[in-house]
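Colleague: I am new to this structure, and I would like to go through it with you step by step. Could you show me the sequence and the model before we begin?

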Amino acid sequence: MGAAGRLLPGVSLTGALLTGAPALAAQQAQMAQAQATQGAQMQAQAQPARVVYDIAGHLPDLRFSLSGAQGKTVTDADVRGRTVLLFFGYANCPDVCPTTMAQLTDVLGQLGEDAAKVEILFVSVDPHRDTPDRLQAYVNAFNHSTIGLTGTDSQIADLARRYRVSYQIEKPRPGADPTVYNVAHSRGVFVFDAQGRARLLLADSADTAQIVQGLKPLLK
């Protein structure tokens, strides 16, 4: 999986490549949604673990300028006034990314009218394969409240460093298909309030109910 470690307890690292693409995103979304719903049901009566971390004052405010679909530049100013859920991943991810996107879609459904106050940002750590339009098509298979963002290698690296996110892209073997390689990246979703301040880190083990409970105070 590459050299990667834990960011915080319950926030692990993973990564791999499948031949999946936006054309398969709808199927991935359906499968991941079913898994997320089943997982939430199984955990409903379990003793809640500490999976929503208070990071207020520990990470900087939301600041970015990246490329969105249709040639648009998207900045933190475009999402100011909404609670932002920031997630790093890539469209070819076979497990973590579709599962996380399905769960966040479920969270939006549970929030009801308050979902209009939430914006999800999916930042690709694989800008060589994830063009802005391709990435947007991928996230649209899950919901239409997510903006797919990418940029140059340095832009992605700077933003990842700002929020202490780890990722690694393995170089293709000599003579191999240059589009086939492994990617390792951090799990976890960063939550920023309407003023752009870092407030929460959602561990990958958080269930839908725990995420909704953590978000509600920020949506008042």
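What follows is a short exchange of questions and answers about this model.

Modeller: This is a predicted model, in which local features need pLDDT of at least 70 and side-chain atom pairs count only at pLDDT 80 or more, while totals for chains, interfaces and linings use all residues. Residues are numbered from 1 along each chain as its sequence is written, and side-chain values use heavy atoms, with hydrogens and water left out.

Colleague: Which residues does the UniProt annotation "binding site" cover?

Modeller: The annotation comes from an unreviewed UniProt entry; such positions are given in the numbering used here, with feature names shortened, and may be inferred rather than shown by experiment. The residues are spread over 93 residues of sequence, yet they cluster in space, with a largest C-alpha distance of 10.0 Å. The residues covered are Cys93, Cys97 and His185.

Colleague: Is His185 buried or exposed?

Modeller: His185 lies in strand β9, residues 183-186, where strands (E, at least two residues) and helices (H or I, at least four) are DSSP runs numbered from the N terminus. Buried means under 20% relative accessible area, exposed over 50%, and partly exposed in between, with a 1.4 Å probe and protein chains only. Because its relative accessibility is 0%, His185 counts as buried.

Colleague: Which backbone oxygen does the side chain of Gln103 reach?

Modeller: Gln103 lies in helix α2 and, at 15% relative accessibility, counts as buried. The side chain of Gln103 reaches its partner at 2.8 Å, and that partner is the backbone oxygen of Ala206.

Colleague: In which sense do strand β6 and β7 pair?

Modeller: Two strands pair if DSSP finds at least two bridges between them, and β6 (residues 118-124) and β7 have 4 bridges. Ile120 stands opposite Thr146 in β7. The chain crosses from β6 through helix α3 (residues 132-140) to β7 in a right-handed β-α-β crossover, meaning that, with the strands pointing away from the viewer, the path from the first strand over the helix to the second runs clockwise. The sense of the pairing is parallel.

Colleague: Which element gives the most to the largest nonpolar core?

Modeller: A nonpolar core is a set of buried Ala, Val, Leu, Ile, Met, Phe, Trp, Tyr and Cys residues joined through side-chain atoms within 4.5 Å. The largest one has 60 residues, and Leu86 and Phe88 are among those that touch the most other members. The element that gives the most to this core, with 8 residues, is α2.

Conventions
A polar contact is a pair of N or O atoms within 3.5 Å; within protein, one must be able to donate a hydrogen and the other to accept it, and residues adjacent in sequence count only if both atoms are side-chain atoms.
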